[in-house]
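Reader: Hello! I am new to this structure and would love a close look at one small part of it. Please start with a single residue and then lead me outward from there.

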Amino acid sequence: MKLAQEIRAGNVIMHGKDPMIVLKTEYARGGRGASTVRMKLKALLGNMGTEVVFRADDKMEQVILDHKDCTYSYFADPMYVFMDGEYNQHEVEAANMGDALNYLEDGMECQVEFYEGKAIAVELPTTVVREITWTEPGVKGDTSGKVLKPAKIATGFEVAVPLFVNQGDKVEIDTRTGEYRKRV
């Protein structure tokens, strides 16, 4: 059991009878020592979202998910199929993929999360290297501060990159925030 103030974004807790993933936490100190924690939660199985306020000293059960290293194989509408090291196939629903769809490529290594033996989500590496398929050319002379321009990768996801990045360049992207890290 963990206190509500110890729960962080990305943790999985039991709320009622459903396992919920914590998307965001906000700690607020109230009058007379009544601290609260506002959490934005998403159900792992039903894909419903909710926002709940807990007292900071409320105890809650943290769920530990099983992880397996897998490789993305193919898309069979509405399921994404992953294969583990023993050639077992695991299917994850498209609704549970979330932001992972922005970076997913054939043969990509990732971790599949399991709850009670069922594949429920995919966790990508923190950074991925992707090629820029489209971007506008940089404007000369516009170097005041951190100037960014839009660029697209093969999946169609748009990321903001600095002016010196050109079409065909490979860049490193942070999968947690969707931000450009560096040119590779």
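Author: Let's start with Tyr87, which counts as exposed because its relative accessible area is 67%. Exposed means over 50% relative accessible area, buried means under 20%, and partly exposed is in between, with a 1.4 Å probe and protein chains only. Please keep in mind that this is a predicted model, where local features need pLDDT of at least 70 and side-chain atom pairs count only at pLDDT 80 or more, while totals for chains, interfaces and linings use all residues. Residues are numbered from 1 along each chain as its sequence is written, and side-chain values use heavy atoms, with hydrogens and water left out.

Where does Tyr87 lie? You will find Tyr87 in the loop between strands β8 and β9, the latter covering residues 89-93. Strands here are DSSP runs of E with at least two residues, helices are runs of H or I with at least four, and the numbering goes from the N terminus. The backbone of Tyr87 deserves a look too: its phi is positive, about 65 degrees, although Tyr87 is not a glycine. Most residues other than glycine have a negative phi, and most peptide bonds are trans.

Now step back along the chain to Asp84, which sits in strand β8 (residues 79-84). Is Asp84 buried or exposed? Asp84 counts as buried, because its relative accessibility is 7%. Its side chain reaches the backbone nitrogen of Asn88 at 2.8 Å, and a polar contact of 3.0 Å links the side chains of Asp84 and His90. A polar contact is a pair of N or O atoms within 3.5 Å; within protein, one must be able to donate a hydrogen and the other to accept it, and residues adjacent in sequence count only if both atoms are side-chain atoms. If you set aside residues up to four places away in sequence, Asp84 touches Lys68, Asp69, Cys70 and His90, where contact means heavy atoms within 4.5 Å.

On the other side of β8 comes the loop that links it to β7 (66-76), and Pro78 has its place there. The peptide bond between Asp77 and Pro78 is cis, with omega about 0 degrees.

Tyr87 has a companion in Glu116, another residue that is not a glycine and has a positive phi, near 50 degrees. Glu116 belongs to the loop between β10 (109-115) and β11 (118-123). Glu116 is exposed, because its relative accessible area is 69%.

Following the chain from β9 towards β10, you meet Leu101 in the loop between these two strands. Leu101 counts as partly exposed because its relative accessibility is 32%. Not counting residues up to four places away in sequence, Leu101 touches Tyr80, Ala94 and Thr155. The C-alpha atoms of Leu101 and Arg8 are separated by 23 Å, and the two residues are 93 apart along the chain.

Arg130, in strand β12 (residues 127-135), is a good next stop. With a relative accessibility of 8%, Arg130 counts as buried. The backbone oxygen of Tyr103 lies 2.7 Å from a polar atom of the Arg130 side chain, and that side chain also makes a polar contact with the side chain of Glu105 at 3.5 Å. Beyond its neighbours within four places in sequence, Arg130 is in contact with several residues, including Met108, Ile153, Asp169 and Ile173.

One of the contacts of Glu179 is also Ile173, and others are Val159, Glu172 and Asp174, leaving aside neighbours within four places in sequence. Glu179 belongs to strand β16 (residues 179-183).

To place all this in the whole, the protein has zero helices and 16 strands. Its radius of gyration is 20 Å, well over the 16 Å that the globule rule gives for 184 residues, so the protein is more spread out than a compact globule. That radius is taken over C-alpha atoms, and the globule rule is 2.2 Å times the number of residues to the power 0.38. The C-alpha atoms fill a box of roughly 55 × 50 × 25 Å along the principal axes. Of the 184 residues, 36% count as buried, and Asp84 is one that does.
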